[in-house]
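Q: Please take a close look at one part of this protein, its largest nonpolar core. Which residues sit at its centre of contacts, and which elements supply them?

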Amino acid sequence: MSSHGLISKSRSPTTWITSLPGTCTNHGPPDATGVRVSDPLPAGVTFVSATTTQGSVAFANGTLSGTLGNLANNATATITVTVRVNPSTTTNLNNTATVTGNEPDPVPSNNSDSEPTIVIRRTDLAIVKTDDVNPVTAGNLLTYTMIVTNHGPSDATGVSVSDPLPAGVTFVSATTTQGSVSVTNGTLTGTLGNLANNATATITVTVRVNSSTTTALNNTATVTGNEPDPIPLNNQDSEPTQVTTITDLMINKTVSATPVAYGQAFSYTLLVMNNGPSDATGV
């Protein structure tokens, strides 16, 4: 006599850690013996754990194997597999499991079942901006540091930073730990490219505060990427910097002739200099 095996497969709705329960049913009429399940996991996932309601499960070389033993007529056994979708995965998943037993099976078409899963990508990009020094003296250098972090869960692509420099400063230089930076029409653009899950990139910008600047500075930088961002509030950060002024005024007085005779005309010359670094007012 032959037994009639059935395997059905489903998945949980979560995307990043996905449970794939598979139910094996023996439609009989006789009991099934030596029931086994083979489930090669799809590319783009990492095995986390597996459980079964009877027998045992093992994972090796990318394939999950379930050794269920005997399965009575109309009985069922359930295997649950949990995998993590890799942060770099961009294509949809398709997972196929197959059940076999010792007895001939008159309906082999239901011995395999496939479950497609749509993969969506999301990246929580964040930027934090700091300044050095604060307060800064007008006429001196000021350095901004921007740290971009991808909090995932997916890898980010096309990461870009926009940083319009505030009025009252002059661009000096910029560096980045990956990608490139450029300044056009007063706006610094950082083209960082791809940023893996939990990875960071740092942009450092040096400006000179104009010697005539007297008001506080405020610099805002924004990060964007190709993927949807579930937390847009941390995509932008502003850094205020107080500006002080210091002037080193100097005067030098000289005389046109010395010594001079009684009744001789002569002149004094007064040379006033501002050695900065700030512009002086009310001299």
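A: What follows covers the core, then one sheet, then the whole chain.

This is a predicted model. The largest nonpolar core holds 25 residues. Six of them touch the most other members: Met146, Val148, Val159, Val161, Val205 and Val209. Strands supply this core. Those giving two or more residues are β10 (123–132), β12 (141–153), β13 (156–164), β16 (187–195), β17 (200–209) and β18 (217–224). The largest share comes from β17, with 5 residues.

Take Val159 as a probe of the packing. Leaving out residues up to four places away in sequence, Val159 touches Leu125, Val148, Gly190, Thr191, Leu192, Gly193, Leu195, Val223, Thr224 and Gly225. Contact here means heavy atoms within 4.5 Å. Val148, one of the partners of Val159, is also among the core residues that touch the most other members. A general tendency fits the topic: in soluble globular proteins, nonpolar side chains tend to be buried together.

A second core lies apart from the largest one. That other core has 16 residues, including Leu68, Ile79, Val99 and Val119.

Now the sheet. Three of the core's strands, β10, β12 and β17, recur in an open sheet of 4 strands. The order is β10-β12-β17-β14, and the pairing is antiparallel. At the edges stand β10 and β14 (169–176). Each has a single partner strand, so one side of each is left without a neighbour in the sheet. From one strand to the next, the twist averages 20 degrees.

The link between β14 and β17 can be followed further. These two strands pair in the antiparallel sense over 7 bridges. Thr175 has Thr204, in β17, as its bridge partner. So β17 serves both settings: β17 gives the core its largest share, and β17 lies between β12 and β14 in the sheet order.

Step back to the whole protein. There are 22 strands and 0 helices. The radius of gyration is 36 Å, well over the 19 Å that the globule rule gives for 283 residues, so the protein is more spread out than a compact globule. Along the principal axes, the C-alpha atoms fill a box of roughly 145 × 30 × 25 Å. Of the 283 residues, 33% count as buried.

Contacts reach across the sequence. Among those with a separation of 6 or more, 72% join residues 24 or more positions apart. The accessible surface comes to about 14600 Å², and carbon and sulfur atoms hold 54% of that area.

Technical notes:
Residues are numbered from 1 along each chain as its sequence is written. This is a predicted model: local features need pLDDT of at least 70, side-chain atom pairs count only at pLDDT 80 or more; totals for chains, interfaces and linings use all residues. Side-chain values use heavy atoms; hydrogens and water are left out. A nonpolar core is a set of buried Ala, Val, Leu, Ile, Met, Phe, Trp, Tyr and Cys residues joined through side-chain atoms within 4.5 Å. Buried means under 20% relative accessible area, exposed over 50%, partly exposed in between (1.4 Å probe, protein chains only). Two strands pair if DSSP finds at least two bridges between them. Axes are lines fitted to C-alpha atoms, for helices over the stretch in contact, and angles run from 0 to 180 degrees between N-to-C directions. The radius of gyration is taken over C-alpha atoms; the globule rule is 2.2 Å times the number of residues to the power 0.38. Accessible areas come from the Shrake-Rupley method with a 1.4 Å probe; for residues, only the protein chains shown count as cover.
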